[in-house]
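Visitor: Please take a close look at a single part of this model, the packing around one helix, and then describe the strands and annotated spans that accompany it. I should like the geometry set out step by step.

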Amino acid sequence: SFMQGSKLEIPLWLAKGLHDSKRRIISVELPKIYKEAWRTVFSADASVVDLHKMGPYYYGFGSQLLNFDNLENPEIAQTILQTFISRFRRIMDSSQNAYNEDTSVLVARMDELERNLFRAGQKGLNDFQYWEKGQASQITASSVVQNYGKRKFTDMDG
Amino acid sequence: SEAKSGRTDLIFLIRFRHCCLLRNQRCLLAYLYDRLLRIRALRWEYGSVLPNAIQFHMSAEEVEWFNQYKKSLATYMRSVGGEEGLDLTQDIKPPKSLYIEVRCLKDYGEFEIDDGTTILLKKNSQHFLPRWKCEQLIRQGVLEHILS
């Protein structure tokens, strides 16, 4: 059993489940990157921040934090949104211009949401190149066959 | 008062346990659902008959689900496109020609084409065949589509 006033680290899903505005079972302390000091850094120049190091789910986790009735929620929400807006353009541009190049340096500083966007942009670019080369009509083996390889499927029937 | 703090403890414990149960349920459902989506994709990517190697790893319920899905899809395809229905699982990539060049990736055996002649599909042999006959074999990894 827990003493009132004790401090713990618990996973987000548990905190969400235990949180109750009326009963006040737990109160949540903001991780430092969502607090005022870091928020100022973000508003100065968000594009230089290594968002992957700052906890790789900056946007998703930040959005979930808003569930806990914190007084700073409006500022947090605003910062998260502005950060995304200022970084998005660069992500979009670089995903469209890095065909067949090593993008690991670019991607290293992106959080997971941004990485997904980047990959989606790259996939679009690759698909377009594929089509330009006339390969869009090539029938390919199903991914199941490609992944399992010839080894496991030599005895398949039907 | 003590009675009230005891009750608060209880509320905490109940909520805690309930959270854990719900989370476990979410994880399980996410896993099962992901499997289901892959099984569904198999019908489109691979065909209506699954290789034994895959079926071996599916639960009875998943096999049943696949069969029902197959049936729903077949019913739907029969209902569109007029008298014969429309095979939506064909021509997923836009066809450029009626005949295509294929190479055989493994020994398959005899293969009959529409005009009654049979072709021997031996590993590494190349053939010029109607696209609609080859599509499934390419997806199953027996043939390889060669672009000129």
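Guide: An axis is here a line fitted to C-alpha atoms, for a helix over the stretch in contact, and the angle between two axes is taken between N-to-C directions, from 0 to 180 degrees. The model is a predicted one. Two packed helices are described by the angle between their axes and the distance between the axes.

The part chosen is helix α4 of chain A, residues 73-97. Consider its packing with helix α3 of chain A, residues 58-65: the axes come within 10 Å and cross at roughly 160 degrees. Angles over 145 degrees count as roughly antiparallel, and α3(A) is therefore roughly antiparallel to α4(A). The crossing of this pair is left-handed. On the side of α3(A), the contact is made by A:Y58, A:Y59, A:G62, A:S63 and A:L65, while α4(A) contributes A:N73, A:T79, A:I80, A:T83, A:F84 and A:R87. By class, these residues comprise five nonpolar, five polar and one charged.

Helix α4(A) also packs with helix α6 of chain A, residues 112-132, where the axes come within 8 Å and cross at roughly 30 degrees. Because angles under 35 degrees count as roughly parallel, α4(A) and α6(A) are described as roughly parallel to each other. Their crossing is right-handed. From α4(A), the contact draws on A:F84, A:R87, A:F88, A:I91, A:S94, A:S95, A:Q96 and A:N97; from α6(A), it draws on A:L113, A:E114, A:L117, A:F118, A:G121, A:Q122 and A:L125. Seven nonpolar, six polar and two charged residues make up this contact. A:F84 and A:R87 of α4(A) appear in the contact with α3(A) and also in that with α6(A).

Chain B supplies the strands. An open sheet of three strands has the order β4-β1-β5 in chain B, with antiparallel pairing. Strands β4 (126-130) and β5 (143-146) stand at the edges of this sheet with a single partner strand each, so one side of each has no neighbour in the sheet. On average, neighbouring strands are turned by 40 degrees against each other, direction ignored. Strand β1 of chain B, residues 99-104, is joined to β4(B) by five bridges, and B:I100 faces B:L129 of β4(B).

Another antiparallel pair of chain B consists of β2, residues 109-112, and β3, residues 118-121, held over four bridges. One of the pairings sets B:E110 opposite B:L120 of β3(B). Five residues lie between the strands of this hairpin, in which B:G116 takes a positive phi near 95 degrees.

Two records concern chain B. An unreviewed UniProt entry places "domain: GINS subunit" at residues 11-80; that span of chain B is 84% helix and 0% strand, with its end C-alpha atoms 57 Å apart. UniProt, again in an unreviewed entry, assigns "domain: DNA replication complex GINS protein PSF1 C-terminal" to residues 96-147 of chain B. That stretch is 17% helix and 44% strand, and its end C-alpha atoms lie 11 Å apart.

Definitions and conventions. Residues numbered from 1 in each chain as written. Chains lettered and ligands numbered in written order. Predicted model: local features only at pLDDT ≥ 70, side-chain atom pairs only at ≥ 80, totals over all residues. Heavy atoms only, no water. Pairing = 2+ DSSP bridges. Helix = DSSP H or I, 4+ residues; strand = E, 2+ residues; numbered from the N terminus. Parallel < 35°, antiparallel > 145°, perpendicular 65-115°, else oblique. Left-handed = near helix turned anticlockwise from the far one by under 90°. Contact = heavy atoms within 4.5 Å. Nonpolar A, V, L, I, M, F, W, Y, C, P; charged D, E, K, R; others polar. UniProt positions renumbered as here; feature names shortened; annotations may be inferred.
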